[in-house]
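Let us take a walk through this structure together, moving from a single helix outwards to the whole assembly. Have the model open beside you as you read.

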Amino acid sequence: MSALATAKVRIPPVLRTESGGAREVEASGETLRELMEDLTSRLPELGARVYEGGELQPFVNVYVDGEDVRTRSGLDTPVRAGATVILLPAMAGGCGRC
Amino acid sequence: MPTYRELLQRVKSEISEVDARDVQERNGAVLVDVRERDEWEEGHIPGAVHIPRGNLESRIENAVPDRSSKVVLYCASGARSAFGAKALGELGYEDVSSLAGGFTDWKRNGYEVQLPRSLSPERRTRYSRHLLIPEVGEAGQLKLLDTSILLIGAGGLGSPASLYLAAAGVGRIGIVDADIVDETNLQRQIAHSLDTLGTPKVDSAKRTIEALNPDVEVVPYRERLTSENIDRILGDGWDLIVDGADNFPTRYLVNDASVWHDVPVVHGSIYRFEGQVTVFKPGDGPCYRCLFPEPPPAELAPSCAEGGVLGVLPGIVGSLQTNEAIKLAIGIGDTLVGRLLLFDALSTEFSEVRIDRNPDCPVCGEHPTITEYIDYVEFCAR
């Protein structure tokens, strides 16, 4: 297991109930798929939200080192050791009404 | 010694005078306005160059290097230009004339007038800190004064945006908001105050803006933005949209309309301690649907009313949006087109991710499948 790349995964505020309040968690994997599997095993509720059925949910953008994985190789996108992975659903808030 | 009148008469007899009709029909003549700066600023003949009488001899060679060129001078009534014509004759200019009756007669006869294109002394003072920046300067400030910006929402993001846009001298600010000011707004919505509790937010914001800068025309739309009214509102001629909406249906509606009307959107959104800012510029970068093809399910999309927000956060994010809007209006710098800026107020960290156009985007892609407004509430409730 020691060879696996460990990445930092940033958790958006709306998913912090599922991450036990953590703003950032660690997960390991050579590819995003492996990393999401690892993340799901550590935080099943979070996994259920964003990685249901082994697929990334369409309302969550995933960035590996600042790049949208949809423009790379999706779940096959390689993840380097020390990479930053951002999970990002859209936020509507502007706090007015219109 | 002659009196002034006698001297003027003698000079006029020595030079050539033309009337406004001759000037209208002038072929290739250089028209020189020899009045003072303040007179020029109040209006002048289109196409004229401005050289005040006191600088005429020293500057004419730069403006008209060829002494055989046809030159017509004008002032307010034809006196200063007569003296100027005589002086240019002495400098060797061969075809110089003075406009009889000057700009006064020109206007009286209903000929075309170029309206002021420089800042009044009051505006020079008000915007002096902009004028000192080479990238802005008088030209940039005039662009701001000519810019029309539509704010979606007069709440957390719209408040700082409206204040800074107004202070910057954006000439026309439209505000769409159907809501009323209440006490829970005052923790962050700085365009409103205790004095305007219970009044429409658009009126409250208008009052605040007008107290700050009377150069700004505020166009209030006290209505909720919908598929039914958005074309009418955008038809009022907006150069830019600053989106501070608080719900997904409005976000997607604004996006689709902005693509179809070709109006850039400066996007900002906030929740608790975190904010997102970017610019969607049709044809030049991704749109909101390229970034977020689908809204999250309702339980992952709490509003600030449900989840809360740090009061200063919309101040930061709304100010970042305003920065983008001002750069777009003036045409300077690098904007957030193609980049999503993320701000975390708790760790005080900015980060950035790249966002690309989606060639399969249903609205701005190569083969759009959405070409008219949809039921946005239903789309966001799926």
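Helix H5 (residues 80-90) of chain B lies across two strands of that chain, strand S4 (70-74) and strand S5 (95-99). With S5(B), the helix makes an angle of about 175°. Please keep in mind that everything here comes from a predicted model.

Which residues of H5(B) are buried? They are Arg80(B), Ser81(B), Ala82(B), Phe83(B), Gly84(B), Ala85(B) and Leu88(B). Besides S4 and S5, the buried residues of this helix pack against three helices of chain B: helix H1 (4-14), helix H4 (56-63) and helix H6 (102-108). Just past the end of H5(B) you will find Gly92(B), whose phi is positive, at about 100°.

The two strands under discussion belong to an open sheet of five strands in chain B, with the order S1-S5-S4-S2-S3 and parallel pairing. At its edges are strand S1 (16-18) and strand S3 (49-50) of chain B, each of which pairs on one side only. If you look at the S3(B) edge, strand S2 (residues 30-33) of chain B runs parallel to S3(B) and is joined to it by two bridges. There, Asp33(B) has His50(B) in S3(B) as its bridge partner.

Further along chain B comes another pair of strands. Strand S6 (residues 148-152) of chain B has four of its five residues buried, so the strand is largely enclosed by the rest of the structure. Its parallel pairing with strand S7 (residues 172-176) of chain B runs over five bridges. Opposite Ser148(B) stands Arg172(B) in S7(B).

Some residues from this part of chain B turn up again in the largest nonpolar core, which has 95 residues. Those with the most contacts inside this core are Ile149(B), Leu151(B) and Ile173(B), together with Val85(A) from the other chain. Helix H16 (residues 313-330) of chain B gives the core its largest share, eight residues. There is also a second, separate core of 22 residues, and here we meet two residues of H5(B) again: Ala82(B) and Phe83(B) are included in this core, as are Val34(B) and Tyr93(B).

Val85(A) deserves a visit of its own. Which residues does Val85(A) touch, leaving aside its neighbours within four places in sequence? Its contacts are Ala7(A), Lys8(A), Val9(A), Arg10(A), Leu35(A), Val62(A), Tyr63(A), Val64(A) and Val79(A).

Now for the place where the chains meet. Chain B brings 46 residues to the contact and chain A brings 20 residues. On the side of chain B that touches chain A, at least two residues each come from helix H13 (248-261), strand S10 (265-271), strand S11 (274-280) and strand S13 (349-354) of chain B. S10(B) supplies the largest share, four residues. By type, this side of chain B divides into 22 nonpolar, eleven polar and 13 charged residues.

Finally, step back and look at chain B as a whole. Its secondary structure comes to 17 helices and 13 strands. The radius of gyration of chain B is 28 Å, well over the 21 Å that the globule rule gives for 382 residues, so the chain is more spread out than a compact globule. Along the principal axes, its C-alpha atoms fill a box of roughly 95 × 50 × 40 Å. Of the 382 residues in chain B, 43% are buried. Among contacts in chain B between residues at least 6 apart in sequence, 67% join residues at least 24 apart.

Note on methods: Residues are numbered from 1 along each chain as its sequence is written. Chains are lettered from A and ligands numbered from 1 in the order in which they are written. This is a predicted model: local features need pLDDT of at least 70, side-chain atom pairs count only at pLDDT 80 or more; totals for chains, interfaces and linings use all residues. Two residues are in contact if their C-beta atoms, placed from the backbone, lie within 7 Å. Ala, Val, Leu, Ile, Met, Phe, Trp, Tyr, Cys and Pro count as nonpolar, Asp, Glu, Lys and Arg as charged, and the others, Gly among them, as polar. The radius of gyration is taken over C-alpha atoms; the globule rule is 2.2 Å times the number of residues to the power 0.38. A residue is buried if 20 or more other C-beta atoms lie within 10 Å of its own, exposed if 12 or fewer, and partly exposed in between; C-beta atoms are placed from the backbone. A nonpolar core is a set of buried Ala, Val, Leu, Ile, Met, Phe, Trp, Tyr and Cys residues joined through C-beta atoms within 7 Å. Two strands pair if DSSP finds at least two bridges between them. Axes are lines fitted to C-alpha atoms, for helices over the stretch in contact, and angles run from 0 to 180 degrees between N-to-C directions.
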